[in-house]
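Here is a set of questions and answers on a multichain model with its ligands. Look at the structure, then work through the turns.

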Amino acid sequence: MKLTLKIWRQKTHKDKGAFVSYTVDHVDPEMSMLECLDVLNETLTERGEEPVAFEHDCREGICGSCGFMINGVAHGPERATTVCQLTMRHFNDGQELVLEPWRAKAFPAIKDLVVDRRSFDRIIESGGYISVSTGQAPDGNTILVGKETADQAMDAAACIGCGACVAACPNAAAALFTGAKIAHLSILPQGKPERDRRALHMVAQMNAELFGNCTNIGECTGVCPKEIPLEVIATMNRDYLRASWKKREDLEATIPPATEWSANRT
Amino acid sequence: MTLDAKIPSGPIELAWDKARFDMKLVNPANKRKHSLIVVGSGLAGGAAAASLGELGYNVKCFCFQDSPRRAHSIAAQGGINAAKNYPNDGESIYRLFYDTVKGGDFRAREANVYRLAQISVHIIDQCVAQGVPFAREYGGTLTNRSFGGAQVSRTFYARGQTGQQLLLGAYQALERQVRAGTVTMIPRTEMLDLIVIDGQARGIVARNLVTGELSVHIADAVILATGGYGNVYYLSTNAKGSNVTASWRAYKRGALFANPCFTQIHPTCIPVSGDYQSKLTLMSESLRNDGRIWVPKMKGDQRSPDQIPEDERDYYLERRYPSFGNLVPRDVASRNAKAVCDEGRGVGKSGLGVYLDFFDAIARVGEKTIRERYGNLFDMYQRITDEDPYKVPMRIYPAIHYTMGGLWVDYQLQSTIPGLFVLGEANFSDHGANRLGASALMQGLSDGYFVIPYTVGNYLATNKFKKVDASHSEVQSVVAAVQQTTDKLLSIRGKRTVDSFHRELGKIVWDYCGMARTAQGLETAIGKIRALREEFWQNVTVPGSGDDLNQSLEKAGRVADFFELAELMCIDARERNESCGGHFREEYQTPDGEAQRDDERYSYVAAWGYRGPGNTPELTKEPLEFNYVHPSQRSYK
Amino acid sequence: MSATAALPRQNRAVTFWQSTNGKKVVMAVTGAMMFLFVIGHLLGNLQVFEGPEKINAYAHFLHTIGEVLWLVRITLIVAIVLHITATVQLALRSKQARPVGYSRKEAINSSYASRTMYWSGPIVLAFIIFHLLQFTAGYIHPEAQFIEGDVYHNLVSGFQVWWVSAWYIFAITLLGFHLRHGLWSMFQSVGLAHPRHTLALKNAAFLIATLIVLGYISIPISILLGIVK
Ligand SMILES: Cc1cc2nc3c(=O)[nH]c(=O)nc-3n(C[C@H](O)[C@H](O)[C@H](O)COP(=O)(O)OP(=O)(O)OC[C@H]3O[C@@H](n4cnc5c(N)ncnc54)[C@H](O)[C@@H]3O)c2cc1C
Ligand code: HEM
Ligand code: FES
């Protein structure tokens with residue numbers, strides 16, 4: 001089949017971007033969206049033009065590197081599927097696909113379809129962990145976790161951190177991402193002792209990153225490649241509410257968002 | 001040169017205790033003053049950086065992805081082994097040790113493997129404490145499944161996303177240290193060279209992938225945990241970015257590279273569908289627990305699988321290996337798949353595929369149970385192939401998956417360059433000529449959480465470190481060399497893309513140094529690789545510039561290193577005149593087609609040293625001694 | 001790089017209000033208060049079907065408990081002010097969170113009601129103001145005389161004007177939309193959601209919102225049709 005790809009091109013975050021249309025002939029229905037871009041990029045490279053920059057690594061839908069909007073939907077039309085696993089059989093011959101990067105204040109542009117998602121790392125850094133140093137653990141079976149609890153934790157823990165939730169949210173909120181980590185850890189007995197601190201810190205960081213507010217409308221779960229349930233957001237809200245009610249004096253300041261990339265910043 | 005593996009004397013059970021006792025310790029107050037570089041944030045690197053940070057060292061951790069959480073370890077599906085014996089089925093540390101040495105076809109170092117088996121139990125504890133949501137029984141205890149090459153259930157798993165969950169555990173521990181200020185995480189930055197001063201590894205030169213800037217990082221020791229080099233084959237189950245660059249540059253600075261030809265072909269991957277194919281997708285080995293592998297008995301049988309009656313099917317693994325059946329180790333399963341396809345009995349359009357059939361399992365335990373066990377794998381299969389594996393048997397074919405070879409390290413995980421430590425898949429240490437399923441995650445975490453924190457301390461406590469900064473002449477010359485390579489790649493402006501070279505290189509390596517090898521074929525391959533490399537440096541085109549995000553440039557640098565590695569792999573494979581594990585030399589097989597080892601002549605680790613461009617590398621042998629598991633022909637019959 | 005700095009002590013309430021999550025909790029609680037009022041008000045209004053005496057007596061009763069009435073009124077005013085302040089602040093924040101918009105954006109998983117909260121809310125506000133001016137204060141009472149104390153007369157004469165009724169029905173329908181999402185959303189916002197209950201809650205929200213709309217609009221419709229005279 002033959003497709004028209006209308007792709008956002010932007011050389012660096014300082015440059016102004018614009019859409020450029022390309023046609024790709026000989027698209028095989030079995031190839032993935034990224035392989036289709038590979039084919040386009042080979043042609044561009046042979047012509048001496050810069051290929052379209054897009055992020056990818058595992059191409060198995062698990063690393064969370066890939067992702068862009070296809071015709072206004074994060075990761076494209078298939079549910080529970082990242083662009084690296086989206087096969088072209090879902091499109092029709094002659095169709096035009098508009099490819100646009102994630103857009104959010106907290107995801108500054110880098111190049112073409114690539115954006116900077118370090119804000120997610122900072123949310124985890126602010127408290128998305130259980131404080132147990134190497135060597136401190138008791139035998140695995142001393143902590144019993146019922147199967148259902150383990151399954152529920154796993155549902156939340158499946159998040160791949162791709163950013164589609166933010167991209168799809170009309171408010172560019174990171175509630176599903178933050179909620180998923182808070183829920184994963186607070187459902188498990190191991191995570192209970194730090195529950196309050198974790199919720200306060202992670203929510204504070206999420207807000208400091210200038211993500212928007214959640215209006216519970218559910219676009220995020222709709223595009224989530226791992227179908228993280230919307231209820232993780234409720235878990236976040238509950239933990240946050242609970243923790244705010246109790247008095248705490250040991251909170252730490254939020255981490256200043258870094259937007260520079262220079263390696264000499266350290 | 002002789003290699004000292006520094007294996008502690010005395011009984012193997014006490015070796016690690018003894019080694020730890022003999023190690024010098026760093027005073028807690030001084031740890032902060034020691035700076036360490038960890039390259040890689042996968043299971044090995046992430047665990048190492050986190051643990052070293054917890055101890056109080058001043059750590060810098062690098063990865064080329066935008067976040068440490070995306071390291072390739074994230075993609076591991078099936079599980080992680082540990083000698084917990086929770087199912088009470090006869091497991092023990094000794095058995096895990098035994099199985100691993102045997103599974104590795106007697107080409108691994110016993111002491112390392114024993115330590116790995118000992119540490120395995122602590123890994124599970126650590127991960128559970130971190131909140132890794134391992135699968136559980138209704139009563140709340142941890143549950144296990146069995147994996148290829150083992151007759152006990154020792155594999156812990158979190159759905160089909162074990163690597164993801166373990167990596168997130170390590171990543172979170174790492175982020176905790178970033179918060180605490182002990183670790184500085186430097187993502188989107190690729191190590192391009194190693195700085196060696198007065199014989200000690202003292203730092204790296206790295207390129208910022210967003211700005212193109214080269215930066216110098218000096219430390220008291222450098223730890224590489226940069227993963228495997230399976231992408232030399234172009235098509236592999238590895239992530240697209242996986243590469244050999246860090247290890248390769250260390251090799252060129254004097255570290256020895258061990259057993260490069262030991263690569264693992266995984267039997268259960270989704271077959272290639274077209275020439276645009278950019279990578280291969282693994283279907284976890286755990287599927288072989290319930291799936292039965294077969295091909296039609298008749299050559300060129302075009303009927304759909306449900307039209308082929310039971311007695312016209314050949315369940316060839318069950319037939320040939322009655323005791324292990326579908327659970328034979330990977331090398332055996334892969335080779336047999338290739339054999340039946342070579343006979344013309346392969347299935348699918350290309351004829352390169354065999355069936356993995358769940359019909360009987362579904363009839364036995366019900367679709368619901370199968371869905372619970374493998375749901376996400378089945379979904380993935382269906383997404384890619386548009387076929388429903390609950391109804392139609394899966395089609396699978398072997399694909400390159402893991403590299404047992406890597407930088408040579410001693411028992412302390414130190415390479416031949418003092419101060420350069422190598423962890424995880426990047427080193428050669430524990431799996432011999434074939435890795436058992438669910439053992440790589442175990443090894444990466446063992447190295448990172450439980451070995452390196454001790455051994456690096458010993459190195460720091462027993463060595464002196466001169467003050468070095470970026471103006472040092474040696475540093476300057478390394479920076480200049482890196483800059484020169486980058487400039488060169490950008491200036492060729494030829495006609496062919498990097499990918500087209502990579503694809504062609506991959507095909508050569510797959511054809512001649514893949515599942516089956518011959519001396520003559522390897523010779524041919526070396527010639528072809530050299531010619532293609534020559535063309536690469538004349539005719540490659542890398543558009544764009546070196547001062548912003550340039551993915552073509554990243555790829556070009558990696559492929560340039562793969563060319564050199566490919567040649568070394570073929571040299572190593574040609575040198576080893578025996579078949580063992582993943583290294584199958586057609587000249588050396590038993591009458592019924594099994595691999596024939598030659599313990600008399602080849603019971604050693606082949607460690608190769610760089611001797612300058614164009615010169616044949618130097619081979620140093622580390623003889624292997626087997627005092628506990630006595631080499632025998634592996635039999636899974 | 002980011003060595004941990006302790007946070008200067010802050011008032012819990014201030015921090016809470018400053019976070020988006022805190023504001024949403026406030027919206028949920030104030031929304032719930034308004035919802036209770038909407039129910040109570042509906043039950044009162046429905047007495048119109050029982051004739052003038054009944055509803056006028058009810059109105060009179062409300063006036064005799066003046067202090068309580070004012071307490072309720074003040075609470076509601078505070079609730080509305082908080083609800084709206086939070087709305088405005090969060091809306092501005094969402095705008096900032098995506099300075100460059102998409103050239104194309106599809107909604108694939110959200111209800112129409114949920115996406116239009118920022119429309120339905122303000123229109124309901126406009127309606128409330130109009131409504132108070134008409135039936136409480138009597139400033140706007142087109143085509144008829146407003147009689148202080150005769151609620152029945154005011155209602156009937158008010159709704160006999162077709163566009164007053166139309167505007168009323170329109171606004172109440174939007175309130176219904178607002179509640180269809182809001183009644184479920186408020187549980188999420190205060191953290192009382194569980195996958196097992198989500199569907200039931202959403203259905204209940206839909207049902208209650210529908211009943212409220214039907215209940216309210218039954219009055220102008222009955223009046224227009226002449227069932228209530
Ligand atoms: C599809 C698949 C499934 C698997 N399933 C299993 C399984 O079920 N059980 C099992 O035990 N094993 C499994 N394995 C094997 C196992 O996942 C890997 O061997 C293991 O995760 C390797 O971990 P690592 O830490 O050594 O390297 P990786 O996780 O590959 O990490 C490498 C790191 O190094 C960084 N890096 C690399 N080069 C550079 C550079 N030049 N500069 C800076 N940073 C660099 C990368 O950014 C990355 O952070 C599987 C492998 C694959 C491919
Ligand atoms: C009778 C009047 C009202 C009732 C009963 C009501 C009720 C509610 C409820 C229950 C919610 C859900 C809260 C949550 O998700 O936590 C809500 C949300 C909302 N309300 Fe109201 N509301 C009313 C009036 C208004 C007014 C006057 C405005 C605007 C000026 C408004 C704007 C909003 C908005 C924008 C939301 C969505 C907020 C979000 O989900 O983030 N509402 N309302
Ligand atoms: S490339 Fe890893 S999720 Fe798509």
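Q: Which chain C residue has a side-chain N or O atom 2.6 Å from an oxygen atom of ligand 2?
A: The model is predicted. A polar contact is a pair of N or O atoms within 3.5 Å. The pair at 2.6 Å joins an oxygen atom of ligand 2 to the side chain of C:Ser189.

Q: Which elements give two or more residues to the shell around ligand 2?
A: The contributors belong to chain C. They are helices α2 (20–45), α4 (66–97), α6 (117–137) and α8 (162–189).

Q: How far is a nitrogen atom of ligand 2 from an N or O atom in the side chain of C:His178?
A: C:His178 is listed with the closest residues to ligand 2, as are C:Lys24 and C:His83. An oxygen atom of the ligand also pairs with the side chain of C:Ser185 at 2.3 Å. For the nitrogen atom and C:His178, the distance is 2.6 Å.

Q: Why is the site of ligand 2 shared between chains?
A: The shell holds 25 residues. They divide into 14 nonpolar, 10 polar and 1 charged. The site is shared because the surrounding residues come from chains A and C.

Q: Which chains surround ligand 1?
A: The shell here has 39 residues. Among the closest are B:Gln65, B:Ser73 and B:Met191. The site is shared between chains, because its residues come from chains A and B.

Q: How much of the accessible area of ligand 1 does the protein cover?
A: A polar side-chain atom of B:Glu425 lies 2.6 Å from an oxygen atom of ligand 1. Backbone polar atoms also pair with ligand oxygen, at 3.0 Å for B:Ala44 and 3.2 Å for B:Ser439. Of the 1,000 Å² that ligand 1 has on its own, the protein covers 98%.

Q: Where does ligand 1 sit?
A: Its shell divides into 17 nonpolar, 18 polar and 4 charged residues. The ligand sits in the largest cavity.

Q: Which element gives the most to the shell around ligand 1?
A: Four elements of chain B each supply at least two residues: α3 (43–55), β6 (189–197), β15 (394–403) and α12 (440–462). With 3 residues, the one that gives the most is β6(B).

Q: What is the radius of gyration of chain B?
A: Chain B has 17 helices and 19 strands. The globule rule gives 26 Å for 637 residues, and the chain comes close to that, so it is as compact as a globular protein of that length. Its radius of gyration is 24 Å.

How values were computed. Residues numbered from 1 in each chain as written. Chains lettered and ligands numbered in written order. Predicted model: local features only at pLDDT ≥ 70, side-chain atom pairs only at ≥ 80, totals over all residues. Heavy atoms only, no water. Near = heavy atom within 4 Å. Polar contact = N/O pair within 3.5 Å; in protein donor to acceptor, adjacent residues only side chain to side chain. Areas by Shrake-Rupley, 256 points an atom, 1.4 Å probe, with all protein chains shown as cover. 1 Å grid on protein atoms, 1.4 Å probe; cavity = no way out; pocket = protein on both sides within 12 Å on 5 of 7 lines; lining within 4 Å. Sits in = over half its atoms within 2 Å of the grid points. Nonpolar A, V, L, I, M, F, W, Y, C, P; charged D, E, K, R; others polar. Rg over C-alpha atoms; globule rule 2.2 N^0.38 Å.
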